[in-house]
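Reader: I'm new to looking at protein models, and I'd love a close look at one single part. Could you pick a residue and walk me through its surroundings?

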Amino acid sequence: MKPPGPPITPAGMAALKARYDHLLSTERPAIVEIVSWAAGNGDRSENGDYLYGRKKMREIDRELAHLARRMKVLRVVDPGAAVDRSRVFFGARVEIADEDDNRQTVQLVGDDEQDAAQGRIGWNAPLARALRGAGIGDVRVVSLPSGTREWEVMAIDYD
């Protein structure tokens with residue numbers, strides 16, 4: 001039996017699927033149409049529309065293949081179904097404070113849906129690994145490229 005794949009939230013999987021569907025049903029057909037039109041114009045070796053279109057189509061096909069592979073191995077985990085809500089697990093929204101009481105809220109999500117600007121950190125990020133299993137009041141030490149930092153868990157929430 002193969003081990004379960006990397007986790008992703010239902011919203012993250014929906015976003016990957018939406019991107020895949022958009023590429024397949026909108027962007028790729030538009031590029032195919034441009035390439036077909038450009039191919040009918042004669043000499044392809046000096047036809048910018050044809051050359052650029054073929055390059056763009058290869059990029060789209062690569063991204064489609066990548067998304068298909070990722071969606072096949074990812075394991076959808078619903079954070080709302082967490083049994084133990086007193087500890088930090090996948091999908092938890094965690095308020096943390098550093099030594100100077102600077103607070104921030106982060107959510108532990110799949111690596112494919114991380115977005116630091118939105119406060120979503122990947123499941124395998126150093127901070128996420130340190131926070132796993134922590135409860136309110138626990139202090140965790142995180143080794144970052146900028147140095148070692150201590151974070152205290154102030155609140156845990158599951159949407």
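**A close look at Q107**

Author: Happy to! Q107 is buried, because its relative accessible area is 11% and buried means under 20%. Please keep in mind that this is a predicted model.

Let's start with where to find this residue. Q107 belongs to strand β4, which covers residues 103–109.

Now for its surroundings. If you set aside the neighbours within four places in sequence, Q107 is in contact with G91, A92 and R93, and also with G119, R120 and I121. Two of these names come back when you follow the side chain of Q107. At 3.2 Å, that side chain reaches the backbone oxygen of G91. With R93, the link is from side chain to side chain: a polar contact of 3.4 Å joins Q107 and R93.

Next, the open space beside this residue. The largest pocket has a volume of about 170 Å³. It is lined by 13 residues, and Q107 is among the closest to its centre, together with T9, A11, V109 and E113. Two elements, α1 (10–39) and β4, each give two or more residues to this lining. The largest share comes from α1, with three residues. As for the chemistry of the lining, you will find five charged residues, four polar ones and four nonpolar ones.

Putting the picture together: Q107 is a buried residue in strand β4, its side chain reaches G91 and makes a polar contact with R93, and Q107 also helps to line the largest pocket.

Note on methods
Residues numbered from 1 in each chain as written. Predicted model: local features only at pLDDT ≥ 70, side-chain atom pairs only at ≥ 80, totals over all residues. Heavy atoms only, no water. Helix = DSSP H or I, 4+ residues; strand = E, 2+ residues; numbered from the N terminus. Buried < 20%, exposed > 50% of the residue type's maximum accessible area, 1.4 Å probe, protein only. Polar contact = N/O pair within 3.5 Å; in protein donor to acceptor, adjacent residues only side chain to side chain. Contact = heavy atoms within 4.5 Å. 1 Å grid on protein atoms, 1.4 Å probe; cavity = no way out; pocket = protein on both sides within 12 Å on 5 of 7 lines; lining within 4 Å. Points joined across faces, edges and corners; volume = space filled by probe spheres on them. Nonpolar A, V, L, I, M, F, W, Y, C, P; charged D, E, K, R; others polar.
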